[in-house]
Amino acid sequence: MLLPVQFDPQETATVDVPRHYLEDQKIARLFHNYVSNVSQCLRPLAEEHHTRCVKLLIELESENELVRGGIALAATCLLRSYEILSGDTDPNVHLRGAYSMASVPGLFATVTRTPLLEAGFWNYLREDITFSLFERCPLKMGLETSQPLLDLHSDQGHLNAITLVLGRIINDCFRDEADNLTWSNSFDSLCEWHQQLPAHMLPYSRQNSSTPFPTIWLLQPCHASALHYYLVGLLILAIFASEAEAKHLSYLSIFQHETLSKSDFLHHLALDICGIAFTAKTPSVLVNAFGPIGYCSCLNHRNLEKAVRHVHQDGLVVIEDIVPHKFLDALNKKMVDDAQTLLSQGEKTPFNYNRGNIQQDPPPVSEYFNPLIFANPIATQVTTAVLGPRPKWTFCSANSAMPVVLGAEPQRQPVHSDADFAHPNHPFALVVNVPLVTTTPENGSTEIWLGTHNQFGIEAQEGAHGERASGRIQEAHLAQQRQISPPTQPSLKKGSIVIRDLRLWHAGMPNTTDQTRVMLAMIHFAPWFRNRMRLEFSEDIRPILQRLETDGMLDLDVPVDWVSRDAALQRYLHRGFGNSYDFSQED
């Protein structure tokens with residue numbers, strides 16, 4: 001953690017800092033602080049020194065020689081090492097504003113500077129980038145006027161150059177949404193860096209592996225870090241890009257991926273970022289990868305707040321571009337074929353209210369079970385924020401809007417709630433819907449009644465629980481609500497995920513196209529809600545869930561009855577209609 005070698009090629013931290021340690025008692029205290037942590041009996045003394053050192057750093061004037069010579073910046077890095085080792089404080093506390101030696105105005109505007117100051121600047125900037133990627137916020141450092149010397153004749157110089165480019169992209173995009181001019185300038189900066197990159201800094205091998213991440217080999221750790229920053233710069237710009245702009249970005253990718261959509265491009269970038277880190281496995285690369293990997297894995301705090309607010313306020317939120325299309329396409333082809341098989345069962349077909357909508361399970365075998373569809377970390381992040389840690393996933397199915405039969409009258413479902421039983425008046429279950437294709441009013445997108453989830457209980461319903469037509473909303477309540485907030489039938493982009501409160505009023509609508517529209521439905525229950533249901537999966541899915549759990553990427557309680565592959569394939573198309581499932585809880 002302390003000035004990794006790749007950030008300090010002249011090893012100034014190992015030469016200059018010890019010399020100043022012998023010459024300056026203030027720095028001596030920092031080292032005493034750092035070393036004292038090894039012995040628990042000296043911990044109180046170390047804490048006292050830590051507090052005093054922080055105060056000394058805060059009190060330093062910008063013209064102080066300790067600041068101008070880089071010693072204060074090196075001291076900040078030493079304090080960070082102590083904070084990480086002590087384990088009792090946020091390891092990023094210094095980036096929350098406690099010490100800001102690297103952002104002193106004019107500190108890097110002059111040509112004459114010490115090697116220690118140079119090393120400290122780049123180390124601190126990378127720490128600041130890591131923090132900003134985790135928090136989705138601008139850097140503490142303003143880079144508009146900073147013009148550090150860049151030596152593009154060295155590998156370290158290329159790393160420093162892309163570090164500066166990424167820092168400016170973060171500041172531009174995280175302060176406000178990037179406007180066209182800012183986006184274009186950032187795009188040009190990435191193009192220029194990419195064009196100047198020497199061939200020996202590119203990967204010499206990329207192979208698929210048994211893990212979700214590719215194996216990507218580079219010659220040196222600083223090459224891996226440089227590529228990380230370049231890829232995360234592309235990723236940030238892609239998030240703020242239109243589909244057309246994202247297509248232009250795909251031409252800058254280091255690897256030639258088959259990119260069909262913006263979500264596919266984002267997916268490939270995230271996999272490559274993780275693959276570089278886990279292939280190298282060197283401490284400096286892994287430390288430098290924390291920010292890029294963290295940025296790829298979840299919503300930022302502000303967007304999470306928005307998602308939670310809309311779930312509570314409206315009963316529904318849509319998150320776009322988080323499921324790669326190629327995984328959806330393979331599953332959709334299979335489930336459209338399965339829908340025809342279900343229709344051939346005649347009266348035994350699991351219709352939902354009418355023959356235009358059927359209940360069908362996805363095939364519960366490994367080749368169709370992609371975690372980004374069924375256990376998407378962003379969906380789980382939202383359901384966890386609303387329901388509590390480790391929601392319980394006990395339902396996995398789908399509803400399919402079938403094309404209207406020639407000569408038949410298009411039919412819609414009655415407006416209903418899936419919570420057709422006595423239930424709490426606060427969130428206890430969220431449905432995670434994944435449309436396998438772009439969903440529009442033409443192919444039967446669901447009619448929704450926003451805000452009805454927290455206004456009405458079963459007193460507004462008719463039809464007993466378990467009946468095919470249970471949960472229907474009484475006409476008087478519909479008329480009243482229509483005056484307050486009429487229903488809507490939104491379009492949903494392919495690659496989106498919908499999170500809906502189980503209590504929300506909604507209705508399946510007719511599909512007037514000639515293509516079946518499939519939408520998956522997984523239900524996450526609050527950990528305290530005692531739902532009885534269990535999933536039934538093939539044994540070959542078990543290793544996938546175990547790997548997700550081991551890697552800390554599941555964050556769900558998943559009660560499963562494991563069966564053989566043959567049994568799973570024989571039984572999954574023989575389930576009940578939607579209202580035959582019991583979403584209530586034990587007494």
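The following dialogue examines how terms and cut-offs apply to one predicted protein model.

Student: How is the model to be read, and which residues enter each value?

Tutor: Residues are numbered from 1 along each chain as its sequence is written, and side-chain values use heavy atoms, with hydrogens and water left out. Because the model is predicted, local features need pLDDT of at least 70 and side-chain atom pairs count only at pLDDT 80 or more, whereas totals for chains, interfaces and linings use all residues.

Student: What is the average pLDDT of the protein, and which elements have the lowest and the highest mean?

Tutor: pLDDT is the predictor's confidence in each residue, from 0 to 100. The protein averages 81, and 79% of the residues score at least 70. By element, helix 2 (residues 25-36) has the lowest mean, 50, and strand 7 (residues 429-435) the highest, 98. Over residues 34-39 the pLDDT is below 50, and this stretch has eleven contacts beyond near neighbours in sequence. Where pLDDT is low, the predicted coordinates should not be read in detail.

Student: What makes a run of residues a helix or a strand, and how many of each are there in the protein?

Tutor: Helices (H or I, at least four residues) and strands (E, at least two) are DSSP runs, numbered from the N terminus. By that rule the protein has 19 helices and 15 strands.

Student: How do you know that the span of helix 11 agrees with its number of residues?

Tutor: The expected span is 1.5 Å times one less than the number of residues. For the 19 residues of helix 11 (residues 262-280) this gives 27 Å, and the end C-alpha atoms are 28 Å apart, so the two agree. Just after helix 11, Lys281 takes a positive phi of about 60 degrees.

Student: Why is helix 11 called largely enclosed?

Tutor: Buried means under 20% relative accessible area, exposed over 50%, and partly exposed in between (1.4 Å probe, protein chains only). In helix 11, 17 of the 19 residues are buried, so the rest of the structure largely encloses this helix. Helix 9 (residues 221-239) likewise has 17 of its 19 residues buried, and is therefore largely enclosed. Across the 587 residues of the protein, 55% count as buried.

Student: Why is Thr279 called buried, and which residues does Thr279 contact?

Tutor: Thr279, found in helix 11, has 10% relative accessibility and therefore counts as buried. Contact means heavy atoms within 4.5 Å. Leaving aside neighbours within four places in sequence, Thr279 is in contact with Pro214, Thr215, Ile216 and Trp217. Thr279 and Thr215 are 64 residues apart in sequence, yet 5.6 Å apart in space, C-alpha to C-alpha.

Student: Is Ile322 buried or exposed, and where does Ile322 lie?

Tutor: Ile322 lies in the loop between strand 3 and helix 14 (325-343). Its relative accessibility is 15%, so Ile322 counts as buried. Ile322 touches Asn376, Ile378, Gly495 and Ile497, not counting residues up to four places away in sequence. The C-alpha atoms of Ile322 and Ile497, 175 residues apart along the chain, are separated by 7.3 Å.

Student: What makes a contact pattern of the whole protein long in sequence terms?

Tutor: Among contacts between residues at least 6 apart in sequence, 81% join residues at least 24 apart.
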